[in-house]
Amino acid sequence: MELQQLVDRIAAEVTPGGEVADYIPALARIDPHAFGLAVATLDGEVFGAGEHLTPFSIQSISKAFMLALALSQDDDVWSRVGREPSGSPFNSLVQLENEQGIPRNPFINAGALVVTDHLGFGAADRLLDFLRQESGNPRLDVDPEVAKSELDHSDRNRALAHFMASYGNMRNSVDVVLHEYVRQCSIAMSCADLARSALFLARHGIRNDGTRLLGVSGAKRVNAVMLTCGTYDAAGQFAYRVGLPCKSGVGGGIVAVVPGKCAICVWSPALDARGNSVAGVDALDRFTTLTGWSVF
């Protein structure tokens, strides 16, 4: 089956379900029935269905790209954050206290705050420049309404950052880190944009212009952490159903990587209890079942 026929079939078969993320007011107003799917192949060709050109808030999907940027700079970030699945909610304070201010992995909120802190002031702009180049869309930008809404409701993230600061695991001020973190999560992109942007992970670290962001080992490590930690505390179930490195966000998007073949992005804002898109998980399950493409 050709890829365009495949994505059309999946879009016709999935049914959005769940609830939108209402704890960020700007996200609570998104149509819960929206659905988009895009597959970008190694040569940059994109096959899309549904609302695959509609921009949405990438939220925690940004964490995968931020980790890649941090690792392209140095490996020191691993002295400040772990690589193990959390088994706890993505904004848990309890786990952070038990582990003395060292987040379990870079994809829970505390871990992403450490990665943002590691990149320092201007981290969000650095990410935005990278995504504009990889997606080929120079118009990508931060959604100011989402950013303000998220910053106005960031008490838990502020508490996480201050708690880590008390253990000496923050280098910049909490206000600076939160500002950068909120801006990176509030970048608006379409499924097509995100699928193109994630292709460097399918190419083992090579960007769309042929330059290398990460070595083969670095790309492998990002993909490995995405597989084990990329879907909050549902990573085991996700690996069981989908079998691909993925990173989800509460905006309803999920980015998936098939090393050596393609990158995929699916978007549907209605979430399950763990914060993952219900229709997105279903679509990726169908994709790997129909193609036989997985890492297993």
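In this predicted model, the side chains of Ser60 and Lys63 are joined by a polar contact of 2.9 Å. Ser60 sits in the loop between strand S3 (56–57) and H3. Its relative accessibility is 6%, so Ser60 counts as buried, the cut-off being under 20%. Setting aside residues up to four places away in sequence, Ser60 touches Tyr232, Lys247, Ser248 and Gly249. Gly136, by comparison, is 76 residues from Ser60 in sequence and 21 Å from it in space, C-alpha to C-alpha.

One of the partners of Ser60 is Ser248, which lies in strand S6. Ser248 has a relative accessible area of 0% and is therefore buried. The side chain of Ser248 makes a polar contact of 2.6 Å with the side chain of Asn276. Beyond its neighbours within four places in sequence, Ser248 is in contact with Ser60, Ile61, Gly230, Thr231, Tyr232, Gly253, Ile254 and Asn276.

Ser60 is also part of an annotation. An unreviewed UniProt entry places the feature "binding site" at Ser60, Asn109, Glu150, Asn157, Tyr181, Tyr232 and Val250. Val250 is found in the loop between S6 and S7. With 5% relative accessibility, Val250 counts as buried. Its contacts, not counting residues up to four places away in sequence, are with Ala21, Tyr23, Leu27, Gln59, Tyr232, Leu271 and Gly275. Tyr232, itself on the UniProt list, thus touches Val250, and Tyr232 also appears among the contacts of Ser60 and of Ser248.

Asn109, another of the listed positions, belongs to helix H5 (residues 109–119). Asn109 is buried as well, at 7% relative accessibility. Apart from residues up to four places away in sequence, Asn109 touches Lys63, Phe90, Asn91, Asn157, Leu160 and Tyr181. Among these, Asn157 and Tyr181 are named in the UniProt feature, while Lys63 is the polar partner of Ser60.

Helix H5 also holds His118, which counts as buried at 8% relative accessibility. The side chain of His118 has a polar contact of 3.5 Å with that of Arg80, and a polar contact of 3.5 Å also joins the side chains of His118 and Arg171. Leaving out residues up to four places away in sequence, His118 touches Ala70, Gln73, Asp74, Asp76, Val77, Arg80 and Arg171.

The nonpolar interior comes next. In soluble globular proteins, nonpolar side chains tend to be buried together. Here the largest nonpolar core has 66 residues, of which Phe65, Leu113, Leu131, Ile187, Leu194, Phe200 and Val222 touch the most other members. Helix H3 (residues 62–73) supplies the largest share of this core, eight residues. A second core, separate from it, has 25 residues, including Ile10, Phe35, Phe47 and Cys246. Leu131, one of the residues that touch the most other members of the largest core, is in contact with Ile58, Phe65, Gly136, Leu140, Ile187, Met189 and Ser197, neighbours within four places in sequence aside.

Helix H14 (residues 278–291) has 14 residues, and the distance from its first C-alpha to its last is 20 Å, close to the 20 Å expected at 1.5 Å a residue. Ser277 caps the N-terminal end of H14, with a side-chain oxygen 2.9 Å from the backbone nitrogen of Gly280. After H14 comes Gly292, whose phi is positive, near 75 degrees. The buried residues of H14 are Ala279, Gly280, Val281, Asp282, Ala283, Leu284, Asp285, Phe287 and Thr288. They are covered by elements that include helix H1 (3–13), strand S1 (36–41), helix H13 (235–241), strand S6 (246–248), strand S7 (253–258) and strand S8 (262–267). Strand S6, which contributes to this cover, is the strand in which Ser248 lies.

The chain as a whole contains 14 helices and eight strands. Its radius of gyration is 17 Å, close to the 19 Å that the globule rule gives for 296 residues, so the chain is as compact as a globular protein of that length. The C-alpha trace spans about 55 × 40 × 35 Å along its principal axes. Of the 296 residues, 57% count as buried. Among contacts between residues at least 6 apart in sequence, 69% join residues at least 24 apart.

Notes
Residues are numbered from 1 along each chain as its sequence is written. This is a predicted model: local features need pLDDT of at least 70, side-chain atom pairs count only at pLDDT 80 or more; totals for chains, interfaces and linings use all residues. Side-chain values use heavy atoms; hydrogens and water are left out. Helices (H or I, at least four residues) and strands (E, at least two) are DSSP runs, numbered from the N terminus. The expected span of a helix is 1.5 Å times one less than its number of residues. Buried means under 20% relative accessible area, exposed over 50%, partly exposed in between (1.4 Å probe, protein chains only). Contact means heavy atoms within 4.5 Å. A polar contact is a pair of N or O atoms within 3.5 Å; within protein, one must be able to donate a hydrogen and the other to accept it, and residues adjacent in sequence count only if both atoms are side-chain atoms. A nonpolar core is a set of buried Ala, Val, Leu, Ile, Met, Phe, Trp, Tyr and Cys residues joined through side-chain atoms within 4.5 Å. UniProt positions are given in the numbering used here, feature names are shortened, and annotations may be inferred rather than shown by experiment. The radius of gyration is taken over C-alpha atoms; the globule rule is 2.2 Å times the number of residues to the power 0.38.
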